[in-house]
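Please open the model in your viewer and keep the sequence panel beside it, since the tour moves from one selection to the next.

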Amino acid sequence: MLSLIPIWLYNGKQGYYNKYIKNIYYWFYPVHILILGLIKGVMMRKKHVLQWHITHKCNLRCSHCYQEEYCKDLSYDKLEKIFYQYLEFLKVKKFKGHINFTGGEPFVYKDIFKLFDLCENHNISFGILTN
């Protein structure tokens with residue numbers, strides 16, 4: 001447990017410690033618990049990153065790319081359902097979420113900005129992996 005007792009105030013005399021420092025420590029104890037609670041609740045929250053391939057379409061055919069198939073994309077409604085499933089997963093696991101949109105080329109997907117709006121409306125941070 002962290003201590004709010006400054007080490008420089010302790011002069012090695014047990015009486016001095018008991019009389020002054022111990023009283024200061026107990027006076028600040030509620031603040032100490034509050035600080036630990038904030039650190040545990042906010043700073044130490046687990047983060048889950050989803051790398052989401054939203055499309056197979058691409059405007060390039062790079063030789064180093066692993067994308068071999070260029071099949072039909074899922075509709076926006078289906079992607080929205082997947083998004084809400086991800087939100088439920090985050091809620092159950094008590095994770096903070098982040099989505100990296102990728103594909104193919106994510107900007108080729110016609111409803112990409114609707115997905116960005118979904119993230120913003122639900123406080124999910126996101127990134128875009130693009131060429």
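Begin by selecting strand 2, where seven of the eight residues are buried, so that this strand is largely enclosed by the rest of the structure. Bear in mind throughout that what you have on screen is a predicted model.

Next, add the neighbours of this strand to the selection. Strand 2, which covers residues 96-103, pairs with strand 1 in the parallel sense over eight bridges, and if you display His48 you will find Gly97 of strand 2 standing opposite. Strand 2 is also joined to strand 3, residues 125-128, by four bridges, and these two strands likewise run parallel. To see one of these pairings, select Ile99 and look into strand 3, where Phe126 is its bridge partner.

Now stay on strand 2 and pick Phe101, which has its place there. Is Phe101 buried or exposed? Its relative accessibility is 0%, and because buried means under 20%, Phe101 counts as buried. Showing the surroundings of Phe101, and leaving aside residues up to four places away in sequence, you will find that it touches a list of residues including Trp52, Ile54, Ile112, Leu115, Phe116 and Cys119, as well as Phe126, Gly127, Ile128 and Leu129. A distance label between the C-alpha atoms of Phe101 and Gly127 should read 6.2 Å, although the two residues are 26 apart in sequence.

From here, widen the view to the largest nonpolar core, which has 17 residues and in which Trp52, Ile54, Phe83, Ile99, Phe101 and Leu115 have the most contacts. Colouring by element will show that strand 1 (47-55), helix 2 (76-93), strand 2 (96-103) and helix 3 (112-121) each supply at least two residues of this core, with helix 2 giving the most, namely six residues. Then centre on Leu115, one of the residues with the most contacts inside the core; not counting residues up to four places away in sequence, Leu115 touches Trp52, Ile54, Tyr76, Leu79, Phe101 and Tyr109.

Finally, turn to the surface and select Phe107, which lies in the loop between strand 2 and helix 3. Phe107 is described as partly exposed because its relative accessible area is 40%, a value that falls between the cut-offs of 20% and 50%. Which residues join Phe107 in a nonpolar surface patch? Add Phe113 and Ile128 to the selection, and the patch of about 280 Å² that they make with Phe107 will be on display. Ile128 has appeared on this tour before, among the residues that Phe101 touches.

Definitions and conventions:
Residues are numbered from 1 along each chain as its sequence is written. This is a predicted model: local features need pLDDT of at least 70, side-chain atom pairs count only at pLDDT 80 or more; totals for chains, interfaces and linings use all residues. Side-chain values use heavy atoms; hydrogens and water are left out. A nonpolar core is a set of buried Ala, Val, Leu, Ile, Met, Phe, Trp, Tyr and Cys residues joined through side-chain atoms within 4.5 Å. Buried means under 20% relative accessible area, exposed over 50%, partly exposed in between (1.4 Å probe, protein chains only). Contact means heavy atoms within 4.5 Å. Patches are made of residues with over 30% relative accessible area and no salt bridge: like charges are joined within 9 Å, nonpolar side chains (Val, Leu, Ile, Met, Phe, Trp, Tyr) within 5 Å. Accessible areas come from the Shrake-Rupley method with a 1.4 Å probe; for residues, only the protein chains shown count as cover. A salt bridge is a side-chain nitrogen of Lys or Arg within 4 Å of a carboxyl oxygen of Asp or Glu. Two strands pair if DSSP finds at least two bridges between them.
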